[in-house]
There are 4 protein chains.
Amino acid sequence: MKSDSAGDGRHTKHVASERSFAEARVRVRYAETDQMGVVYHGNYFTWFEVGRVELCRQLGFEYKNMEAEDDSFIVVAEAYCRYKRPARFDDLLTVRTRVVESLRRTIRFGYELLNNATGEIIATGETVHVICDRQGRPKALPEKYRKYFPAMAADNDGHPRKAGAPHSA
Amino acid sequence: MKSDSAGDGRHTKHVASERSFAEARVRVRYAETDQMGVVYHGNYFTWFEVGRVELCRQLGFEYKNMEAEDDSFIVVAEAYCRYKRPARFDDLLTVRTRVVESLRRTIRFGYELLNNATGEIIATGETVHVICDRQGRPKALPEKYRKYFPAMAADNDGHPRKAGAPHSA
Amino acid sequence: MKSDSAGDGRHTKHVASERSFAEARVRVRYAETDQMGVVYHGNYFTWFEVGRVELCRQLGFEYKNMEAEDDSFIVVAEAYCRYKRPARFDDLLTVRTRVVESLRRTIRFGYELLNNATGEIIATGETVHVICDRQGRPKALPEKYRKYFPAMAADNDGHPRKAGAPHSA
Amino acid sequence: MKSDSAGDGRHTKHVASERSFAEARVRVRYAETDQMGVVYHGNYFTWFEVGRVELCRQLGFEYKNMEAEDDSFIVVAEAYCRYKRPARFDDLLTVRTRVVESLRRTIRFGYELLNNATGEIIATGETVHVICDRQGRPKALPEKYRKYFPAMAADNDGHPRKAGAPHSA
């Protein structure tokens, strides 16, 4: 996976032979920490959301328009995170987001969270989404968005699905 | 799994032939909703925490004392949630929490989230925790807590580990 | 202000010679703490919301119906909190909420937050709300809710407005 | 107050005849919205925190070091926000933060929140902080930080203290 920066250093799109991923930067907020002195685990899912919205923007559309103009919401059906190292107040992090799988009615996103200072991956994760209308009824992804999410079944090698399953440490 | 209520209707401990689970009640807050009109998915992990703390209390100890008196933190290593039906503002929910697996240094908790009005399970989840000291170094669970978490490997039948893996819908 | 409990010990309505207040119980969540080891200040406003919703219920209506059936949202125009003592993980707290002032288009709520174990007031606050329709346009409070919020200008004695203003310590 | 940009467009320090303010950029997250379709009011205080931390950085020190190296925490004693216009998902906002008053043991910060697309001020606020040690005991601001917070009583003209008080709309 190459990492040719294409942007302003803040949000960058990387193109690999098979897949694209987007990068979004976040700085850890005090509100996101807990009394353990590190970030509360539930807050990682908000960062994944930041990454997902940024990926949409870099693919060529704004997620908010998908909701407002096309009555299409990407509702979360599953969410998973594996925590490798803690994130601390004021750390600068990078969320790398990519489409792992896209089918007619579902999209699976994969995430890597990096600590900018060390370059280490501190967490990985996946979310699975179902396209729904405003009333929460599943629907097919509108035609105009299919070019951004071409039908793509997840491959079997090094696939995060297996790595992503909660299992004993 | 039986569900003989043993309490005041608010927090209840249920005893099954093999396993115990605790119940905690939460009412959905406006702050927990998002513009989709339902609860933001990341907030479910806070409810799982509420369930986990209540399970500790019903097992016979206070989690806060485990941190303060025994320098033992149950650090989250993995978190997973499967969303089945939306939760809405002001809904009364029940979090059912149980120990799925407990080993020398790790504990796996399982969760079911029910809508009290309908009785439906609206989400299920799992979290895996590693016992650590204040500096984040893994350690064995202190002797005094072992009675609450007897060594117990997860069984293979109906085990949430498989159901818990993010997979295509 | 009397505090005759009228309920189940969980949510209680108190009636004073001039004013009513409602009580809601909250238990501090780990997610609500920050690395200072106490609750993050912004989270108090969520507890005030819990108190406000409970006050509506005890006055005789559900706030959610006010939105869904009567297209009336009580949009926050101002929010203030004074922090006296810290709140800590697992503390049981009581939010006392009352209507401080209600005019044709605005309602002012006052809050006291108590630590149940010590009985101390650990924070006080106020929020001012404007009645709006779904599009955010100010409107008068619908007739059917006026009985719950009778026109009532704030008095000048012991009025929280003055105490509530941020001022030098 | 002038607003000569001195930076990279992301975080900017502005110098006025008497006072400095810092600017931090935030993009509204989906998690920050509520079912009203706009940002939940309590979340503004997290943005104010982002602004405060950025102001410290631009004044010349990192707030995290003040905690870690000098056992000095700026504990929130009061928090106030006035909401003028809604903030919406994906909006780019600027938080302008400045020191309104600094005394031996307390610091008052003032905030303006702007919508970058319209240039409008959508909220203003203030927070008052007391310098405390790790145990929560008030202490004087350490000598080394006094240059950043020179003794400065708030002036009386156009002072946010009055504007900041919650009052009827």
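This short talk walks through two chain interfaces and the cavities of a predicted model.

Hi everyone, thanks for having me. Please keep in mind that what you see above is a predicted model, and let's start with chains C and D.

How are chain C and chain D related? If you rotate chain C by 180°, with 0.0 Å of shift along the axis, it superposes on chain D with an RMSD of 0.0 Å. That is why we can speak of a two-fold axis here. Both copies use the same surface, too: 100% of the contact residues of chain C recur in chain D.

Now let's look at that contact itself. Chain C brings 35 residues to it, and chain D brings 35 residues as well. Between these two chains, about 2,900 Å² of area is buried, and carbon and sulfur atoms give 54% of that.

What about the polar side of things? Between chain C and chain D there are 12 residue pairs in polar contact, counting pairs with both residues at pLDDT 80 or more. The count of salt bridges between chain C and chain D is two. You can find a salt bridge yourselves on the structure: look for D:E78 and C:R82, where the closest N and O atoms are 3.4 Å apart. A salt bridge here needs the nitrogen and the oxygen to lie within 4 Å, so this pair qualifies.

Next up, chain A and chain C. How many residues of each chain are in contact here? Nine residues of chain A touch nine residues of chain C. The area buried between chain A and chain C is about 960 Å², with carbon and sulfur atoms giving 59% of it. On the chain A side of this interface, five residues are nonpolar, three are polar and one is charged. Zero salt bridges are found across the interface of chain A and chain C. There are, however, four residue pairs in polar contact between chain A and chain C, again with both residues at pLDDT 80 or more.

Last stop: the cavities. The count comes to three cavities of 30 Å³ or more, and the largest cavity has a volume of about 730 Å³. Which residues come closest to its centre? Of the 28 residues lining the largest cavity, those are A:N43, B:N43, C:N43, D:A31 and D:N43. The lining as a whole divides into eight nonpolar, 12 polar and eight charged residues.

That's my tour. If you turn the structure yourselves, try starting from D:E78 and C:R82, the salt bridge we met between chains C and D. Thanks for listening!

Methods: Residues are numbered from 1 along each chain as its sequence is written. Chains are lettered from A and ligands numbered from 1 in the order in which they are written. This is a predicted model: local features need pLDDT of at least 70, side-chain atom pairs count only at pLDDT 80 or more; totals for chains, interfaces and linings use all residues. Side-chain values use heavy atoms; hydrogens and water are left out. Contact means heavy atoms within 4.5 Å. Buried area is the accessible area (1.4 Å probe) that two parts lose on being put together, summed over both. A salt bridge is a side-chain nitrogen of Lys or Arg within 4 Å of a carboxyl oxygen of Asp or Glu. A polar contact is a pair of N or O atoms within 3.5 Å; within protein, one must be able to donate a hydrogen and the other to accept it, and residues adjacent in sequence count only if both atoms are side-chain atoms. Ala, Val, Leu, Ile, Met, Phe, Trp, Tyr, Cys and Pro count as nonpolar, Asp, Glu, Lys and Arg as charged, and the others, Gly among them, as polar. On a 1 Å grid over the protein atoms alone, a cavity is a set of points where a 1.4 Å probe fits but cannot get out, and a pocket is an open set with protein on both sides within 12 Å along at least five of seven lines; lining residues have an atom within 4 Å of a point. Grid points are joined across faces, edges and corners, and a volume is the space filled by probe spheres set on the points. Copies are superposed by least squares on the C-alpha atoms of residues with pLDDT of at least 70 in both.
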